[in-house]
Amino acid sequence: MTWLVALVIAMPGFAALCLSMKKCQRQIFETPVPDARSRSFRYIGFVAIAALSIWCMAAETWSTGLVVFFGVCTIASLIVIFTLAIRPRLVRYYCWLPV
């Protein structure tokens with residue numbers, strides 16, 4: 001159960017970090033977004049990853065929580081990367097952004 005909740009926290013976090021980069025913005029939105037929105041995506045991504053680390057260490061013991069954290073980070077980042085490579089417009093649904 002910890003893995004599932006952690007994955008639900010990690011996917012929007014990594015997608016938001018992906019959406020904060022200009023190259024990915026051109027790929028997903030076809031135009032770069034304003035700098036203020038880019039910064040907000042970056043902050044949201046870092047806050048989500050920080051919340052993920054806190055969640056993992058609170059749900060498990062400290063040492064097991066670190067293992068779960070790094071495992072979930074690896075899985076979530078690979079899902080976002082492969083989605084970006086295959087179907088880039090689907091990445092915006094990880095952050096619950098409208099079409």
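**Reading contacts in a predicted model**

Author: R92 lies in helix α5, which spans residues 91–94. The model is predicted.

Reader: What makes R92 a residue with no salt bridge?

Author: The nearest side chain of opposite charge is E30, and it is 6.9 Å away. A salt bridge needs the nitrogen and the carboxyl oxygen within 4 Å. So R92, which is buried, has no salt bridge.

Reader: Which backbone atom lies 2.9 Å from a polar atom of the R92 side chain?

Author: That atom is the backbone oxygen of I28.

Reader: How many salt bridges does the rule give?

Author: The count comes to 2. One joins the side chains of K22 and D35.

Reader: Why is the pair of K22 and D35 called a salt bridge?

Author: N and O are 2.9 Å apart. The cut-off is 4 Å, so the pair qualifies. K22 lies in helix α2 and D35 in helix α3, so the pair ties together parts 13 residues apart in sequence.

Reader: How do you know whether K22 and D35 are buried, exposed or in between?

Author: Look at the relative accessible area. K22 has 36%. D35 has 46%. Partly exposed covers values between 20% and 50%, so both K22 and D35 are partly exposed.

Reader: What makes E30 and R89 a salt bridge?

Author: Their closest N and O atoms are 1.8 Å apart. That is within 4 Å, so the pair counts. The pair links distant parts of the chain, 59 residues apart. E30 is in the loop between α2 and α3, and R89 is in the loop between α4 and α5.

Reader: Why is E30 called exposed, but R89 partly exposed?

Author: E30 has a relative accessible area of 54%. Exposed means over 50%, so E30 earns the word. R89 has 43% and is therefore partly exposed.

Reader: What is notable about the phi of E30?

Author: Phi of E30 is near 70°, a positive value in a residue other than glycine. Most residues other than glycine have a negative phi.

Reader: How do you know that the disulfide count is 0?

Author: Check the cysteine sulfurs. For C18, the closest cysteine sulfur is in C24, 3.5 Å away. For C56, the closest is in C73, 7.4 Å away. A disulfide needs sulfurs within 2.5 Å, so both distances are too far for a bond.

Reader: Why are C18 and C56 called buried?

Author: C18 has a relative accessible area of 6%. C56 has 0%. Buried means under 20%, so the word fits C18 and C56.

Reader: How many aromatic pairs does the structure hold?

Author: It holds 1 aromatic pair. The rings of F69 and F70 have centres 5.1 Å apart, and their planes meet at 65°.

Reader: Why is the pair of F69 and F70 called edge-to-face?

Author: Centres must lie within 6.5 Å, and 5.1 Å passes. Planes over 60 degrees apart count as edge-to-face, so 65° settles the name. F69 is buried, at 11% relative accessible area.

Reader: What makes the charged end of R37 sit over the ring of F29?

Author: The charged end of R37 is 5.8 Å from the ring centre of F29. The distance limit is 6 Å, so that part of the rule is met.

Methods. Residues are numbered from 1 along each chain as its sequence is written. This is a predicted model: local features need pLDDT of at least 70, side-chain atom pairs count only at pLDDT 80 or more; totals for chains, interfaces and linings use all residues. Side-chain values use heavy atoms; hydrogens and water are left out. Rings of Phe, Tyr and Trp (its six-membered ring) pair if their centres lie within 6.5 Å; planes under 30 degrees apart count as stacked, over 60 as edge-to-face and the rest as tilted. Buried means under 20% relative accessible area, exposed over 50%, partly exposed in between (1.4 Å probe, protein chains only). A charge sits over a ring if NZ of Lys or CZ of Arg is within 6 Å of the ring centre and within 35 degrees of the ring normal. Helices (H or I, at least four residues) and strands (E, at least two) are DSSP runs, numbered from the N terminus. Lys and Arg count as positive and Asp and Glu as negative; His and the chain ends are not counted. A polar contact is a pair of N or O atoms within 3.5 Å; within protein, one must be able to donate a hydrogen and the other to accept it, and residues adjacent in sequence count only if both atoms are side-chain atoms.
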